[in-house]
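Me: Please take a close look at one small part of this model and then lead me outward from it step by step. I am in my first year, so explain each technical term when it comes up.

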Amino acid sequence: IKPYEKTSGVSGKLNSIGSDTLNNLMGLWMEGFKKTYPNIKTEFEGKGSSTAPPALIKGSSQLGPMSREMKSTEIDEFEKKFGYKPTAIPVAIDALAVYVHKDNPVKGLTLEQLDSIFSSTKKRGGSDITKWGQVGLDAWATKPISLYGRNSASGTYGYFKKNVLNGGDYRDSVKEQPGSSAVVQGIAADLSGLGYSGIGYRTSGVRAIALGETTSALSDPSLANCLSGDYPLARFLVVYVNKKPGKPLDTLTAEFIKYVISKEGQEVVVKDGYYPLPANVVAEQLKAIK
């Protein structure tokens, strides 16, 4: 991945509204970008992926960071306003991690077990799991599993619902947290805790466990397992932009995206605990914004 090359004609105010998962990264990227272009103004807000599409449609932000794909209804709303679809730019790789307290000895869980733990509808066909003894922790046979998750404004909430619960409903007992770091903090303070959050929010107080379709195919949330497809909850984190087909992006937005997917921008991804884009994905995105 090539270093970022400074250019002329970059000015104005850059706004970002969207994902909480990407909030730290957006702040770090904007900080680095401002060092290159000290005269620009930046503002970012990360209350959840569902806030990105309305902000792009309204024109109150040029950047819509999301930890999930836009829903067809959101794309339709955008297209109704502008006559074309929004453009999604992958900016980092995330292993959506399932965390336990650092002293919890559980090795890993299957997606069916996770569905049986988190869901009231159990669309993967399992039976109710409420205690740690039911997933092999004999020493914790009667210890109840304490659940942490995100609220419905979150793209991570939607991603987990779609990919783990097969679109089913969450249990009422899931303690919904306003942000990714709050999920991890809750689990770090709760020996029985179990919850999901981006890999970039991992701390020394929690452990990211192995996941898989079956117990014989459990994989850790490593970069290698994300790239190979062995880890089942690997995803691109994306920034949506409003780009008219056949026309280049405006200079300020385009240069920020170029910075994000440059060597410097992807080093920030690693520093924040996420995984960098492969070089071929970067090359595709540079073509996409022209």
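Reply: Leaving aside the residues within four places of it in sequence, Ser-116 is in contact with Lys-122, Gly-126, Ser-127, Asp-128, Ile-129 and Arg-171, where contact means heavy atoms within 4.5 Å. The model is a predicted one, in which local features need pLDDT of at least 70 and side-chain atom pairs count only at pLDDT 80 or more, whereas totals for chains, interfaces and linings use all residues. Residues are numbered from 1 along each chain as its sequence is written, and side-chain values use heavy atoms, with hydrogens and water left out.

Ser-116 itself is part of helix H4; helices (H or I, at least four residues) and strands (E, at least two) are DSSP runs, numbered from the N terminus. With a relative accessible area of 2%, Ser-116 counts as buried, a word that stands for under 20% relative accessible area, while exposed means over 50% and partly exposed lies in between (1.4 Å probe, protein chains only). A polar atom of the Ser-116 side chain lies 3.2 Å from the backbone oxygen of Ser-127, and Ser-127 is one of the contacts already listed for Ser-116. Another of those contacts, Lys-122, is found in the loop between H4 and S6. Although Lys-122 is not a glycine, its phi is positive, at about 50 degrees.

Stepping back from Ser-116, we can look at the helix as a whole. H4 runs over residues 111–118 and is mostly covered, with 7 of its 8 residues buried. The buried ones are Leu-111, Gln-113, Leu-114, Asp-115, Ser-116, Ile-117 and Phe-118. These buried residues of H4 pack against S4, strand S5 (108–110), strand S6 (146–150), helix H5, strand S8 (193–198) and strand S10 (210–212).

Phe-118, another of the buried residues of H4, has a long list of partners. Not counting residues up to four places away in sequence, Phe-118 touches Leu-147, Tyr-148, Phe-160, Leu-165, Asp-169, Tyr-170, Arg-171, Val-174, Leu-194, Gly-195 and Tyr-196. Arg-171 therefore appears twice in this account, since it is in contact with Ser-116 as well and is also touched by Phe-118. Phe-118 belongs to the largest nonpolar core, which has 76 residues; a nonpolar core is a set of buried Ala, Val, Leu, Ile, Met, Phe, Trp, Tyr and Cys residues joined through side-chain atoms within 4.5 Å. Within this core the residues that touch the most other members are Trp-29, Phe-33, Leu-114, Phe-118, Phe-160 and Leu-194, and the names Leu-114 and Phe-118 bring us back to H4. Strand S4 contributes the largest share of the core, 10 residues. Apart from the largest core lies another one, of 9 residues, which includes Ala-52, Leu-56, Val-238 and Tyr-240.

H5, against which buried residues of H4 pack, is the next element to follow. Tyr-159 sits in H5 and, with a relative accessible area of 12%, is buried. Apart from residues up to four places away in sequence, Tyr-159 touches Leu-96, Val-164, Pro-232, Leu-233, Ala-234 and Arg-235. Of these, Leu-233 is 74 residues from Tyr-159 along the chain, yet the C-alpha atoms of the two are separated by 8.9 Å. Between H5 and strand S7 (175–177) there is a loop, and Asn-166 lies in it. Asn-166 is not a glycine but has a positive phi of about 50 degrees, and its relative accessible area of 38% makes it partly exposed.

Finally, S4, which is among the partners of H4, also leads to a second covered helix. In H8, 8 of the 10 residues are buried, so this helix is largely enclosed by the rest of the structure. Leu-252, Thr-253, Ala-254, Glu-255, Phe-256, Ile-257, Tyr-259 and Val-260 are the buried residues of H8. They pack against strand S1 (13–17), helix H1 (23–36), strand S4 (87–101), strand S11 and helix H9 (263–271). Strand S4 is thus listed among the packing partners of H8 as well as those of H4, and S4 also supplies the largest share of the largest nonpolar core.

Terms used:
A polar contact is a pair of N or O atoms within 3.5 Å; within protein, one must be able to donate a hydrogen and the other to accept it, and residues adjacent in sequence count only if both atoms are side-chain atoms.
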